[in-house]
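User: I am new to this structure and should like to understand the terms used to describe it. Please explain each one by its reasons.

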Amino acid sequence: MEEANGDNDELRKNKPLHRRIISSSSIHVLPLLLLLIISLSTTQRVSASIDESGRRVIEARSGQDLVWVVQLSDLHFSVHQPERAINFRNIIGPALSLINPSLVFITGDLTDGKSKDLLTMKQSEQEWLEYESVMQDVIKTSGLNKTLFYDLRGNHDNFGVPSLGSSVDFFSKYSINGKLGRKENVNTVTLETSERKHLFVGVDTTMSIGLRGPTNLFGHPTDELLTSLDAQLSQWDDDKPTKPVTKISFGHFPLSFSALTHSKKSLRDVFLKHSVSAYLCGHLHSRFGKNLKRLHRSGGVSLSDNDLFQLNMRRSGGDESDANCSFGASPDAEFWEWEMGDWRKNRAMRIVAIDRGHVSYLDLDFKSSESRKTIVLPTFPLDSRFMSTSLARHRYECQHMISSSYDAIRAIVFSQSLVVDVVARVYDSSPGFNNLVMEAPMRKHGSTSGASFYSLPWNYRAFEDPLPNRYWLQIEVSDVKGRSTLSELRPFSINGLSSKVSWTWNEFRVMGCQWAALYFPILWSVLCCLFLVFLVPKCIIVVFKKQYTLKKFVAKKGLFTLVLWILQDLCRLPVVWFGYVAYLFYLVFFPWFSGEVFTDSGKRTYMTIMGWVVTSSGGGERKHEYVGEPDVMVLVIPHLVFVVIPSLVIVCCLVAERELYKEHIRAVSGKKEDDHNDRGRKKRCQRRSLLFSKRRLVRKSLLLASLALYWKHFKNCWSLARAYEMNVVHFPGYSLVVPLLLLYVIFKTHKAP
């Protein structure tokens, strides 16, 4: 209800203004009334109300069963990069005025919260003041009501915030949601047309105790949040009379970067239960790829498909089978997850449209000035790569769809100039990609401020085909200034089939892997392997009394003998063996380091593989709890994989190189052959010289690898020291053990006995 009251207060601000205008002197009545009418027709395309159940409902006045909203994400306003805010103020205000959306969602990372060297991550009030000022200007320029904007907290907006309402919780103080009293983690709004309801649910899953970065990377939903989300998504389920409801959720974190709750539930479970159409998110930016989309389905053919990773954008076993049209049958629940690009570097904006229940989107790149003049968003047919679902196929094949939603090609056109011609073209890719099979002008059948609606009646059944990417659609818009704008050429499938799109490696590792679920399997696998490397050779020596040496390897060959020889030689360096084993136990059972995890708190806490240990007071008792699991994996896994394991490999190579050198020295020194032959002595000297040269090259290469490892480890330690305001005293085990052990091995293997 706090959200409702805040929005109502904002809406009521306009009413006294209207009354004052109407009560002016009669001399100015006509021009002022004309100005008021123009204002209402151009900026107030929606009217909002709060119903008796406390639900905020906005009546969309597009005159169509069509609504569209705008998503922005990852603004990262920074005191060190002022152009981000400047560009946002200059571009987004006019763009929103042109697009005139029903709602605007800003899905997190409103500010950057980083130092100039990007190493210290905590809140900056100056950045929040800038965000507040820029948004005021954007709202004014766009002509939209402030209550139509919903901004969410991202992990950058939560760096070093110990609790909501604390002195550094600037989001609550300066954000739009904060100022309008939307203090809950779940906020909803419904757009209603004459035919349908469109429910939008925003969810904030940032940490309740916000740590500094880099160990603040994941969303952390709670069981209480999921219960609230479940209730909000079902708010229209029992409504009478019933209208179809399209449900869309939006948040900051992709589901691949969202942790499980204490009861091992996830956002995905709730979204599937309610069959939301899409989940809009940010966080990953555009540097990992353009295909950061994922279709989630209930069920699964294997454990990996559900809990650990998904190999393809569309999990196998979905819409390949024939639809079951028997009474009561329905396809598996599913929803799309669409991550969008960032404003930070890519100046991205997304328009999401819902046309008679069909959900589509268009991503805009405002680095190009052409993107600001004319925008074409086809709303039907849908792109078979990123928008089609098995539900659409089920409805089509079982004839449960609404035929009127298929009977025309439809598009929204936003243009700064008068549009004179809109042409739709359909290409058949089977005989040749450029085989044009249909070209016809589209007819305008409605408009609002900046937006025009175009359609082209067609015989959609003529385009039924078993191939999901046989037919491709493109729309060309020409304006009065002679400019021509083409929409992206995209495949479609009238019968709801899905085109296959494969992820690149980068796209797979950020969208296909459930990192929260993978953390402990990866951690314990690496640690077990490291312990086995040290304990198995020692056990063979002590328990089974078996010795593996270079002589045995030369005699038997084989990878198994080679590995055991090198590892047993490592066991014969007791300082190194005990040092590494003790270090592994230290990493498992003891704190890695202590640092400041909150903004300007002056209090230190310590980190383990289970997270940061935070002390809280409740009921007169001091409680210790782990915070930041699995976020600490960004420090734990790289240290094990890129520091500990490489150091062990270098150590083993140095030990093996020493043994090989010793063996060759024995061979050429005359211990294994007669030294009385002068000719033989000369050959031995040549071989010794050659061996010495080769040894220097091998050793130098290993020393070079050691220097690279030292540099990598030094950079990690420096980054951590800057991030959590530490020095070597605060993390001696983490920072010194590996370098000292490696230095000891280099010294011990310098000369062979």
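Analyst: The model is a predicted one. A convenient starting point is Ser-499, where a polar atom of the side chain lies 3.4 Å from the backbone oxygen of Pro-468.

User: What makes the approach of Ser-499 to Pro-468 a polar contact?

Analyst: A polar contact requires a pair of N or O atoms within 3.5 Å. The distance between the backbone oxygen of Pro-468 and the polar side-chain atom of Ser-499 is 3.4 Å, so the pair meets that limit. Ser-499 also has a polar contact of 2.7 Å with Ser-384, side chain to side chain.

User: Why is Ser-499 called buried, and where is Ser-499 found?

Analyst: Buried means under 20% relative accessible area. Ser-499 has a relative accessibility of 5%, so it counts as buried. Ser-499 is found in the loop that runs between strand 22 (490-492) and helix 12 (505-512). Leaving aside residues up to four places away in sequence, Ser-499 touches Arg-314, Ser-384, Arg-385, Pro-468, Asn-469 and Pro-491.

User: How do you know whether Asp-428 is buried or exposed?

Analyst: The relative accessible area of Asp-428 is 6%, and Asp-428 is therefore buried by the cut-off of under 20%. Asp-428 belongs to strand 16 (residues 419-428). The side chain of Asp-428 makes a polar contact of 2.8 Å with the side chain of Arg-470.

User: What is the order of the strands in the open sheet of four strands, and why are strand 14 and strand 18 said to stand at the edges?

Analyst: The order is 14-15-19-18, and the pairing is antiparallel. Strand 14 (374-380) and strand 18 (443-448) each have a single partner strand, so one side of each has no neighbour in the sheet. On average, neighbouring strands of this sheet are turned by 25° against each other, direction ignored.

User: How do you know that strand 14 and strand 15 pair?

Analyst: Two strands pair if at least two bridges are found between them. Strand 14 and strand 15 (residues 408-415) have six bridges in the antiparallel sense, so the condition is met. In one of these pairs, Pro-378 has Ala-411 of strand 15 as its bridge partner.

User: What makes strand 18 and strand 19 a pair, and what lies between them?

Analyst: Strand 18 and strand 19 (residues 451-457) run antiparallel and are joined by five bridges, so they too satisfy the requirement of at least two. Gly-446 has Phe-453 of strand 19 as its bridge partner. The two strands form a hairpin with two residues between them, and Gly-450 in the turn has a positive phi of about 85°.

User: Why are helix 13 and helix 15 called roughly perpendicular?

Analyst: Angles of 65 to 115 degrees count as roughly perpendicular. The axes of helix 13 (residues 515-542) and helix 15 (residues 559-571) cross at roughly 85° and come within 9 Å; the two helices are therefore roughly perpendicular to each other. Helix 13 contributes Val-533, Phe-534, Pro-537, Lys-538, Ile-540 and Ile-541 to the contact, and helix 15 contributes Leu-564, Leu-567, Gln-568, Leu-570 and Cys-571.

User: What makes the phi values of His-283 and Arg-356 worth noting?

Analyst: Most residues other than glycine have a negative phi. His-283 has a positive phi near 85°, and Arg-356 has a positive phi of about 55° although it is not a glycine. His-283 lies in the loop between strand 9 (278-281) and strand 10 (293-297), and Arg-356 in the loop between strand 12 (348-355) and strand 13 (358-365).

User: Why is His-283 called buried and Arg-356 partly exposed?

Analyst: Buried means under 20% and exposed over 50%, with partly exposed in between. His-283 has 10% relative accessibility, so it counts as buried. Arg-356 has a relative accessible area of 28%, and is therefore partly exposed.

User: Which peptide bond leading to Pro-214 and which one leading to Pro-381 is cis?

Analyst: Most peptide bonds are trans. The bond from Gly-213 to Pro-214 is cis, with omega near 10°, and the bond joining Phe-380 and Pro-381 is cis, with omega about 0°. Pro-214 lies in the loop between strand 7 (197-203) and helix 8 (223-233); Pro-381 lies in the loop between strand 14 and helix 11 (390-397).

Note on methods. Residues are numbered from 1 along each chain as its sequence is written. This is a predicted model: local features need pLDDT of at least 70, side-chain atom pairs count only at pLDDT 80 or more; totals for chains, interfaces and linings use all residues. Side-chain values use heavy atoms; hydrogens and water are left out. Axes are lines fitted to C-alpha atoms, for helices over the stretch in contact, and angles run from 0 to 180 degrees between N-to-C directions. Buried means under 20% relative accessible area, exposed over 50%, partly exposed in between (1.4 Å probe, protein chains only). A polar contact is a pair of N or O atoms within 3.5 Å; within protein, one must be able to donate a hydrogen and the other to accept it, and residues adjacent in sequence count only if both atoms are side-chain atoms. Contact means heavy atoms within 4.5 Å. Angles under 35 degrees count as roughly parallel, over 145 as roughly antiparallel, 65 to 115 as roughly perpendicular and the rest as oblique.
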